[in-house]
Amino acid sequence: MRRMRGTAVVLAATLLAGGCGAALDPGPAGSRLYPFDSAVYFTAEQNAALHAAEGRLTERCMRRHGFTYRPGGSPADPWEPDDPYGLLEESEAGVDGYRITPRLMAERGSAGSPRAEPSRGDRSGAAKRGRAWERALLGSQRMTIRLPGGQAVELSADGCAAKARDELYGERWDRLYYVFQALSNQVITRVGRHPDVRAAQRDWSRCMAADGYAFDALQEAQANVTRRVEKAAGRGSAAVQAAARHELNVASADARCQQEAGMRAVFRDTQKDIEHKVLGSHGDELERLRSMRDRALSDVMPRQPR
């Protein structure tokens with residue numbers, strides 16, 4: 001769920017001219033359709049600010065323990081779609097496509113760069129000090145968070161990484177965050193299986209077939225583009241440009257067919273109904289999560305001029 005905000009990615013003007021280094025910007029968050037009003041999802045700008053703040057708090061804690069800690073420069077996952085269903089705005093699809101080409105090119109350029117690691121002195125020192133560094137960062141106690149649906153997540157209960165999150169968001173953030181990720185995943189899965197959504201998707205598929213694209217589901221269109229870009233990545237700029245043109249063509253047809261099938265309204269209304277059913281007794285927890293989220297964002301985001 002992580003993205004880096006910057007100058008808008010314009011495939012038609014940038015990639016087709018031979019460049020692939022533009023900053024990733026999936027656009028405004030107004031069209032996002034994540035469950036529970038994006039309770040556990042952040043915009044690129046928000047995510048970058050939170051990541052940086054968490055890194056600073058972790059570094060400060062590690063320094064108190066006598067260790068060097070180097071925060072990573074960016075979140076581990078720098079990109080996410082505008083919603084989890086593959087919905088597009090027609091006005092953006094012909095310019096940005098799915099934003100798959102710049103994302104994959106950026107990932108290839110940054111592959112293998114670590115987020116954080118001990119300083120050279122820590123790594124080359126005695127094994128005992130290395131274990132102490134790791135214990136200071138990750139702690140020695142574990143906690144298990146039971147999630148709706150029967151899954152469980154095991155996390156560090158102490159250590160500087162956990163303390164940094166507690167300081168940034170408040171205690172129990174981890175539990176609330178993972179609970180609502182699980183609930184959000186339940187909503188997304190049930191929306192995709194709903195008869196109204198499936199009917200709209202059949203209308204979309206017939207529209208796409210009329211344009212020469214044989215896809216039964218929205219995800220198949222993006223998967224097709226992803227495979228094309230990955231195949232082109234090692235063949236030079238001309239191949240990447242051709243893949244980018246293919247992305248623009250597919251995304252444009254996709255967005256138009258979604259519009260004709262009324263898919264955004266169907267997904268939105270279906271999600272709202274399913275959210276109410278899935279939320280159940282977790283309403284108070286959702287309010288606490290939002291309160292903690294808003295407080296953390298107010299601490300780290302730049303103040304907007306009045």
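**Exercise 1. Which residues do ring pairs link into a cluster with Trp-173?**

Before we start, a word on the model: it is predicted, with local features needing pLDDT of at least 70 and side-chain atom pairs counting only at pLDDT 80 or more, while totals for chains, interfaces and linings use all residues. Residues are numbered from 1 along each chain as its sequence is written, and side-chain values use heavy atoms, leaving out hydrogens and water.

*Solution.*

Step 1. Start with the rule: rings of Phe, Tyr and Trp (its six-membered ring) pair if their centres lie within 6.5 Å; planes under 30 degrees apart count as stacked, over 60 as edge-to-face and the rest as tilted.

Step 2. Follow the pairs from ring to ring: Trp-173 is joined with Tyr-169, Tyr-177 and Tyr-178 in one cluster.

Step 3. Now the total: there are eight aromatic pairs in the structure. One of them is Tyr-177 with Tyr-178, an edge-to-face pair with 5.5 Å from centre to centre and 90° between the planes.

Step 4. Check the cover of these two rings. Buried means under 20% relative accessible area, exposed over 50%, and partly exposed in between (1.4 Å probe, protein chains only). Tyr-177 is buried at 8%, whereas Tyr-178 is partly exposed at 25%.

**Exercise 2. Classify the ring pair of Tyr-213 and Phe-215, and say whether each residue is buried or exposed.**

*Solution.*

Step 1. The ring centres of Tyr-213 and Phe-215 are 6.1 Å apart and the planes meet at 5°, so this pair is stacked.

Step 2. Tyr-213 has a relative accessible area of 19% and is buried. Phe-215, with 9%, is buried too.

**Exercise 3. Find the residues of the positive surface patch and the helix that gives the most to it.**

*Solution.*

Step 1. Recall how patches are built: their residues have over 30% relative accessible area and no salt bridge, with like charges joined within 9 Å and nonpolar side chains (Val, Leu, Ile, Met, Phe, Trp, Tyr) within 5 Å. Lys and Arg count as positive and Asp and Glu as negative, with His and the chain ends not counted.

Step 2. The members are Arg-56, Arg-60, Arg-63, Arg-64 and Lys-163.

Step 3. Helices (H or I, at least four residues) and strands (E, at least two) are DSSP runs, numbered from the N terminus. Helix H2 (residues 44-64) gives the most to the patch, with four residues.

Step 4. Take Arg-60 as an example: its place is in helix H2, and at 39% relative accessibility Arg-60 is partly exposed.

**Exercise 4. Work through three salt bridges: where do Arg-264 and Glu-89, Asp-203 and Arg-206, and Glu-260 and Arg-256 lie?**

*Solution.*

Step 1. A salt bridge is a side-chain nitrogen of Lys or Arg within 4 Å of a carboxyl oxygen of Asp or Glu. The count by this rule is 13.

Step 2. In the bridge between Arg-264 and Glu-89, the closest N and O atoms are 3.4 Å apart. Arg-264 sits in helix H12 (residues 263-279) and Glu-89 in the loop between H2 and helix H3 (90-96), so the pair ties together parts that are 175 residues apart in sequence. Both ends are partly exposed: Arg-264 at 21% and Glu-89 at 28%.

Step 3. Asp-203 and Arg-206 bring their closest N and O atoms to 2.3 Å. These two are three residues apart in helix H9 (residues 195-210), which is about one helical turn. Asp-203 is partly exposed at 35%, while Arg-206 is exposed at 52%.

Step 4. For Glu-260 and Arg-256, the closest N and O atoms are 3.0 Å apart. They are four residues apart in helix H11 (residues 237-261), again about one helical turn. Glu-260 is exposed at 55%, and Arg-256 is partly exposed at 27%.

Step 5. Finish with a network: Asp-37, Glu-287 and Arg-290 are joined by salt bridges that share partners.

**Exercise 5. Locate Val-179 and Leu-33, then give one C-alpha distance for each.**

*Solution.*

Step 1. Val-179 belongs to helix H8 (residues 173-193) and is buried, at 1% relative accessibility. Its C-alpha atom is 9.9 Å from that of Gln-151, 28 residues apart along the chain.

Step 2. Leu-33 is in the segment before helix H1 (35-38) and is buried at 9%. From Leu-33 to Phe-267, the C-alpha separation is 8.4 Å in space and the sequence separation is 234 residues.

How values were computed
Areas by Shrake-Rupley, 256 points an atom, 1.4 Å probe, with all protein chains shown as cover. Charge placed at Lys NZ, Arg CZ, Asp CG, Glu CD.
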